[in-house]
Amino acid sequence: MSDVILQAAGVHKSYQLGRVSLPVLRGVSISIACGEFVAIMGASGSGKSTLLHILGALDVPDRGTVRFEGQDLFAGPASRRDVLRNATFGFVFQFYHLLPELDVLENVLVPCMVRRSVAGWIRARSEHRRDACRVLEQVGLSHRLRHKPNELSGGERQRVAIARALANRPRVLLADEPTGNLDSATGREIMGVLGTLNRQGQTIAMVTHDPQVAACAHRIVTLEDGRIKSGRG
Ligand SMILES: Nc1ncnc2c1ncn2[C@@H]1O[C@H](COP(=O)(O)OP(=O)(O)OP(=O)(O)O)[C@@H](O)[C@H]1O
Ligand SMILES: [Mg+2]
């Protein structure tokens, strides 16, 4: 598990509010090994989501680098970054962000659909369906394929979001407070799903406020004053 898959070095990020610059990340360096499960903790507003977004190329640092298997995520045009992001990362958010008018299977297929041309989608559709059914089975939702999000419990909605994040077989799964909207029993169930995925080899970086949730990870890093306070980083 010693091969570094994702590495941030000296990452700085500030937000501009009118004339005032709000520094959020002030030189964050972190290395994540292939197959590792890392939890990122820190107070509200400490920059956890900002860091996760930068690690997954959803946001751009002001300074510093992020490398995936040695490739600089932010080198070259934005289109290169978009391709790399779609091929590399799966995202899970606190509030699921499912499309309400689509059923479970269709929600999981959305990332595969947006990645392809219309002709490519028609050619690959049945293969993607098979993959989507496979990941839905992994998260225990084979019996809910035709349900709409409002016909699911919170835990089931988050399991759909995890399946959607897995649909493109991401190399790294990035989860921002995946249990933040769930009661503790359902949160444990979601951590069970993430733990199983990790044991099967999935690399995971997860933001959480909850020490019990963080304890499921191999390693905890804490953000404080824009830097990593503890852990090996
Ligand atoms: N788009 C933005 N424009 C201006 N300020 C922002 C923006 N996004 C985040 N911030 C500020 O940056 C700081 C870090 O935000 P971030 O969302 O990364 O924190 P967090 O650690 O994830 O917090 P929480 O635990 O509450 O989710 C906060 O003070 C926030 O107000
Ligand atoms: Mg956050």
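This report describes the sheet, the helix packed on it, the ligand shell and three backbone positions of a predicted model.

**Sheet and helix H1**

An open sheet is built from 4 strands in the order E2-E1-E4-E5, and their pairing is antiparallel. E2 and E5 are the edge strands, each pairing on one side only. Strands of a sheet pair through backbone hydrogen bonds, in either a parallel or an antiparallel manner. Between E1 and E4 the antiparallel pairing extends over 5 bridges, and Ala 8 stands opposite Val 66 in E4.

Helix H1 lies across E1, E2 and E4 and runs at about 125 degrees to E1. H1 is mostly covered, with 6 of its 8 residues buried. The buried residues are Lys 48, Thr 50, Leu 51, Leu 52, Ile 54 and Leu 55. An α-helix has 3.6 residues a turn, so residues three or four places apart point the same way.

**Surroundings of ligand 1**

Which elements each supply at least two residues of the shell around ligand 1? They are strand E1 (4–17), strand E2 (20–33) and helix H1 (48–55). The largest share, 3 residues, comes from H1. The residues surrounding ligand 1 include Tyr 15, Leu 17, Leu 22 and Val 24. Also among them are Gly 42, Ser 44, Gly 45, Ser 46 and Gly 47, together with Lys 48, Ser 49 and Thr 50. By character, the shell divides into 4 nonpolar, 7 polar and 1 charged residues. Lys 48 and Thr 50 thus appear in the shell around ligand 1 and also among the buried residues of H1.

**Positions with positive phi**

The table lists three residues that take a positive phi.

| Residue | Phi | Location |
|---|---|---|
| Glu 69 | about 45 degrees | loop between strand E4 (63–68) and strand E5 (71–72) |
| Tyr 96 | about 65 degrees | loop between strand E6 (89–92) and helix H3 (104–115) |
| Ala 57 | about 60 degrees | just after H1 |

Glu 69 has its positive phi although it is not a glycine, and the same description applies to Tyr 96. Are these two loop residues buried or exposed? Glu 69 counts as exposed because it has 12 C-beta neighbours inside 10 Å, and the cut-off for an exposed residue is 12 or fewer. Tyr 96 counts as buried because it has 20 C-beta neighbours inside 10 Å, and a buried residue needs 20 or more.

Methods
Residues numbered from 1 in each chain as written. Chains lettered and ligands numbered in written order. Predicted model: local features only at pLDDT ≥ 70, side-chain atom pairs only at ≥ 80, totals over all residues. Near = placed C-beta within 6 Å. Nonpolar A, V, L, I, M, F, W, Y, C, P; charged D, E, K, R; others polar. Pairing = 2+ DSSP bridges. Contact = placed C-beta atoms within 7 Å. Axes fitted to C-alpha atoms, helices over the stretch in contact; angles between N-to-C directions.
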